[in-house]
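Got your viewer open? Here is a short tour, one selection at a time.

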Amino acid sequence: MSFQAPKGTYDIVPPRSATWLAVREALSRQPRLAGYDYVETPMFEDTGLFVRGVGESTDVVTKEMYTFEDRGGRSLTLRPEGTAGVLRAIAEHGLHRGQLPVKVWYVGPNFRYEQPQSGRYRQHTQVGVETIGGDDPALDAEVVWLAAEAMRSLGLTGTRLLLNSLGCRECRPAYRELLQDFLRGLDLDDDTRRRAEINPMRVLDDKRAEVQAQLTDAPLITDHLCGACKEHHEQVRSYLTDLGVEYEDTPRLVRGLDYYVRTTFEIVHGGLGAQSALGGGGRYDGLLATIGGPDLGGVGFGLGVDRTILAVDAEGLEVGDRSRCDVFVVPLGAAARRRTVTLLRDLRRAGLRSDTTYGGQGLKGAMKAADRSGAAFALVLGDRDLEQHVVQLKDLRSGEQTSVPLDDLVAAIVASTGQ
Ligand code: AMP
């Protein structure tokens, strides 16, 4: 009997895994440079947390959750997104009682029961940030910038940043009614009509041409923001301009999760087909109170590692170091093999990635293995070399070979690899 990875999931194996690590590192590097602390929360939570925290009417909650009862009769759900769990942890540990804003980052898998296709999987990984207790538009701008900068640092040039404000508890209800009135006058199917009653802003995001054609004159949220929201949005925009971030005002941008207010943004890429969003986020004032914490503002993002890798591929970028080693030791003879064990220990302790062959492989096979490892240097160690306390250091790029005293070896390699 043979098994395969479950439908909608995939393995991350070499050589791809090097790209995976590099992309995950690039996305998380930006928050680490900006004073964000690391958090890690369980991969499953009380089902109720997601129902409240993500929103009862969202596709994620109604159709996509992996929910199960554990042996103790609790209803648990594999996390479909990161924000709810991280906010629960902030409230549970009282992090908001320290200095504000709380700024944290995290990385990990999320699970959604979706119809798998390119860029859409049942397990995907996000790097996210969440901030709690800051109302300053400079914080919104920082969060947007971190996301944009992460993509820039990978060398991606085909991304676009879409920006919108969704208003707040003050101004959104009136806009919502206005939009509903407008939608009621359109020729829509039953499902869409129902959606218009529950969450009318989602209808604006409908991808079908026959729906879009009717939406040309739909009222736009940005024309109906209250004074405070308008001011906040203007400030976010001008900070982004100062930061040199190019953004597109996108008054129809709504995101799939219910909790967003004011700033919302998405980073999309032209080379990915239907699943074009690499990541996005926004402000979620009030969300912490929804899950039982204090009523503090917050803003954050989630960036998809899987789709970012697809974008890196689409642009033909080489990201990540596929070499496994800096140094590859080739022992020739029994005494050399014995000495190799301690030599590797010393090289590794000096921070040099080093490997060898096993099982007494001959010179030819061992040199092939050295090449395949991506090492810059091979150390050929024969029994006669050992007697003279030297080793042959071969630069695998230039082919140049020098005899180096064993005692100076680590220092010599460190000097030539610049590590
Ligand atoms: P969301 O949590 O829905 O706002 O998604 C944030 C980002 O996570 C998206 O832009 C994608 O890059 C990624 N993402 C969300 N769902 C999936 C999925 N099913 N498969 C792969 N990536 C996903």
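Which atom of the ligand does a polar side-chain atom of His-124 lie 3.4 Å from? Select His-124 together with the ligand: the partner is a nitrogen atom of the ligand, with 3.4 Å between the two. Keep in mind as you click around that this is a predicted model.

**Stop 1: the ligand**

Stay on the ligand and add Glu-114. An N or O atom in the side chain of Glu-114 sits 2.4 Å from a nitrogen atom of the ligand. Now swing over to Leu-278, where the contact comes from the backbone: a polar backbone atom there is 2.9 Å from an oxygen atom of the ligand. If you show a surface, the ligand taken alone exposes 480 Å², and the protein buries 92% of that.

**Stop 2: the shell around the ligand**

Next, show the residues that surround the ligand; you should have 14 of them. The closest are Arg-112, Glu-114, Tyr-121, Arg-255 and Leu-278. Color the shell by class and you get three nonpolar, six polar and five charged residues.

Switch to cartoon to see where they come from. β6 (123-132), β10 (277-283) and β11 (298-304) are the elements that give two or more residues to the shell. Which element gives the most? Pick β10, which supplies three residues.

**Stop 3: helix α5**

Now select residues 137-153, which form helix α5. This helix has 17 residues and reaches 24 Å from its first C-alpha to its last, close to the 24 Å expected at 1.5 Å a residue.

Start at its N-terminal end with Asp-136. That residue caps the helix, with a side-chain oxygen 2.8 Å from the backbone nitrogen of Ala-138. Then jump to the other side: just after α5, Gly-155 takes a positive phi of about 90 degrees.

Go back into the helix and pick out its buried residues, among them Pro-137, Leu-139, Val-143, Leu-146 and Met-151.

**Stop 4: Asp-140**

One more pick in α5 is Asp-140. Is Asp-140 buried or exposed? Asp-140 counts as buried because its relative accessible area is 1%, and the cut-off for buried is under 20%. Show Thr-263 as well: the side chains of Asp-140 and Thr-263 are joined by a polar contact of 2.6 Å.

**Last stop: zoom out**

Finally, color by domain. The domain assignment gives domain 1 (16-171 + 225-314) and domain 2 (327-417). Taken over C-alpha atoms, the centres of domain 1 and domain 2 are 47 Å apart.

Conventions: Residues numbered from 1 in each chain as written. Predicted model: local features only at pLDDT ≥ 70, side-chain atom pairs only at ≥ 80, totals over all residues. Heavy atoms only, no water. Helix = DSSP H or I, 4+ residues; strand = E, 2+ residues; numbered from the N terminus. Expected span 1.5 Å × (residues − 1). Buried < 20%, exposed > 50% of the residue type's maximum accessible area, 1.4 Å probe, protein only. Polar contact = N/O pair within 3.5 Å; in protein donor to acceptor, adjacent residues only side chain to side chain. Near = heavy atom within 4 Å. Areas by Shrake-Rupley, 256 points an atom, 1.4 Å probe, with all protein chains shown as cover. Nonpolar A, V, L, I, M, F, W, Y, C, P; charged D, E, K, R; others polar. Domains from an automatic or database assignment.
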